[in-house]
Structure formats: structure tokens, C-alpha cells
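The following note sets out comments on the fold, the sheet, the cores and a few individual residues. Please read the points beside the sequence and the model.

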Amino acid sequence: MTHSIINLFAGPGGREEGLKMVGVSDVLGIENDRTTCDTAEAAGHARLCADVAALNPLDVADYNTIQGNSASPICRGFSIMGNRRGRLDSALLIKAVGELAVGRDPRADLKSQMHDSRSILSLEPLRWAIDLYPDWLAWEQVPAVLPL
């Protein structure tokens with residue numbers, strides 16, 4: 001089955017359950033935790049169990065068929081409930097957004113500069129959107145990431 005929606009950091013299937021309620025079922029979720037993938041698959045949701053950051057979006061989907069890109073990157077480094085070290089990475093991430101926008105991928109260089117190793121994952125929804133050019137985006141994140 002081809003999928004028209006890519007759901008990054010998909011978790012066990014909450015977003016897909018909501019989409020199913022409105023008649024949408026052609027979603028491919030990408031998640032890197034095997035147990036979480038197993039849970040989603042047991043509930044009938046398509047999963048690619050892999051690291052979103054390690055994948056080439058064009059190897060996963062055809063940009064001519066993707067209608068939507070949803071994503072909920074890990075936020076604990078930015079959240080008031082987390083360690084907040086990700087907030088120290090904001091300036092580097094904002095600069096990286098500009099680099100991605102003009103076709104350069106700064107992730108490899110930035111990875112060692114992050115105060116929180118998970119911060120760089122905040123760039124993934126944009127990277128996937130640039131490559132797949134979907135009709136719509138639905139990204140969720142804590143307020144501290146809003147400047148991105």
C-alpha cells in the first residue's frame with residue numbers, strides 16, 4: 001500500500017487512531033522504538049521501525065504521492081518537565097533551519113555541538129517536508145521550540 005501521510009516520531013499510534021476516526025488510513029508511521037512499533041502494528045497501524053534522522057525521505061516515500069507530514073519530535077530537552085539543555089541549542093538550530101532551506105544539510109556538523117543530543121531531532125520535520133513537499137504539515141512541539 002502506498003501512503004499519502006508520513007507520521008514522524010509516530011509513537012504507538014495515537015495520531016493514526018484520530019485519523020482513522022475521520023476516515024484516513026493511508027498513514028506510514030516512523031518510530032525507532034521496537035516495542036512501540038510492535039504496539040502500533042498490533043493495533044493495525046503501518047510502521048517503519050527506524051531512526052527518522054538516519055533515513056533519506058526519498059527512499060521512504062515518493063514526493064508525488066505525499067499529501068501530509070505530521071511530526072512530534074522528542075521535546076524533553078526543551079520542556080519545563082525535562083532537562084532544558086535543548087534551549088541552549090536554539091541559536092544553532094535556527095541557523096540550521098536556514099541551511100536546510102537552501103539545500104545544505106548541517107546535521108552532521110551540528111550533532112557534536114548540541115547541549116542535548118536530542119535537540120537536533122527538531123530539524124527532522126523540516127528536512128522531510130523539504131524533500132517530500134507535502135500539501136500540509138501538522139507538527140507538534142513544546143512552546144520553547146516555537147522560534148524554529
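How many helices and how many strands does the protein have? The points below begin with that count and then move to local detail.

1. Overall architecture. The model is predicted, and it contains six helices and five strands. Along the sequence these elements follow the pattern β-α-β-α-β-α-β-α-α-α-β. The radius of gyration is 15 Å, close to the 15 Å that the globule rule gives for 148 residues, so the protein is as compact as a globular protein of that length.

2. Dimensions, burial and contacts. Taken along the principal axes, the C-alpha atoms fill a box of roughly 40 × 35 × 25 Å. Of the 148 residues, 41% are buried. Among contacts between residues at least 6 apart in sequence, 64% join residues at least 24 apart.

3. The sheet. The five strands form an open sheet in the order S3-S2-S1-S4-S5, with parallel pairing. Strand S3 (46–49) and strand S5 (136–139) are the edge strands, each pairing on one side only. From one strand to the next, the twist averages 20°.

4. Strand S1 and its two neighbours. Strand S1 (residues 5–8) pairs with strand S4 (residues 68–71) in the parallel sense over four bridges. S1 also pairs with S2 in the parallel sense, again over four bridges. Ile5 illustrates both pairings: Ile5 stands opposite Gly68 in S4, and the bridge partner of Ile5 in S2 is Val27. Between S1 and S2 the chain passes through helix H1 (residues 14–21), and this β-α-β crossover is right-handed.

5. Side chains of S1. Which way do the residues of S1 point? Ile5 and Asn7 point one way from the strand, while Ile6 and Leu8 point the other way; all of them are buried.

6. Helix H2 against the sheet. Helix H2 (residues 34–42) lies across strand S2 (27–31) and S3. Relative to S3, helix H2 runs at about 165°.

7. The largest nonpolar core. In soluble globular proteins, nonpolar side chains tend to be buried together. Here the largest nonpolar core has 14 residues, and Ile6, Leu8, Ile30, Val52, Trp128 and Leu132 touch the most other members. S1, S2 and H6 each supply at least two residues of this core. A second, separate core of ten residues includes Phe78, Ala96, Leu110 and Met114.

8. Helix H6 and Trp128. Which residues of helix H6 (residues 124–132) are buried? They are Glu124, Pro125, Arg127, Trp128, Ala129 and Leu132. An α-helix has 3.6 residues a turn, so residues three or four places apart point the same way. Not counting residues up to four places away in sequence, Trp128 touches Ile6, Leu8, Ile30, Val52, Leu55, Pro57, Val60, Asn69 and Tyr133. The contacts of Trp128 thus include Asn69, and Asn69 falls within strand S4 (residues 68–71).

9. Two residues with positive phi. Phe9 has a phi near 55°, a positive value in a residue other than glycine. Phe9 is found in the loop between S1 and H1, and at 16% relative accessibility Phe9 counts as buried. Tyr133 has a positive phi of about 50° although Tyr133 is not a glycine. Tyr133 lies just after H6, in the loop between H6 and S5. Is Tyr133 buried or exposed? At 66% relative accessibility, Tyr133 counts as exposed.

10. Ser90. The place of this residue is in helix H4 (residues 90–101). Ser90 has a relative accessible area of 18%, and Ser90 counts as buried because the cut-off for burial is under 20%. Not counting residues up to four places away in sequence, Ser90 touches Phe78, Ala144 and Leu148. One of these contacts, Phe78, is also included in the second core.

Key: Residues are numbered from 1 along each chain as its sequence is written. This is a predicted model: local features need pLDDT of at least 70, side-chain atom pairs count only at pLDDT 80 or more; totals for chains, interfaces and linings use all residues. Side-chain values use heavy atoms; hydrogens and water are left out. Buried means under 20% relative accessible area, exposed over 50%, partly exposed in between (1.4 Å probe, protein chains only). Two strands pair if DSSP finds at least two bridges between them. Axes are lines fitted to C-alpha atoms, for helices over the stretch in contact, and angles run from 0 to 180 degrees between N-to-C directions. Contact means heavy atoms within 4.5 Å. A crossover is right-handed if, with the strands pointing away from the viewer, the path from the first strand over the helix to the second runs clockwise. A nonpolar core is a set of buried Ala, Val, Leu, Ile, Met, Phe, Trp, Tyr and Cys residues joined through side-chain atoms within 4.5 Å. The radius of gyration is taken over C-alpha atoms; the globule rule is 2.2 Å times the number of residues to the power 0.38.
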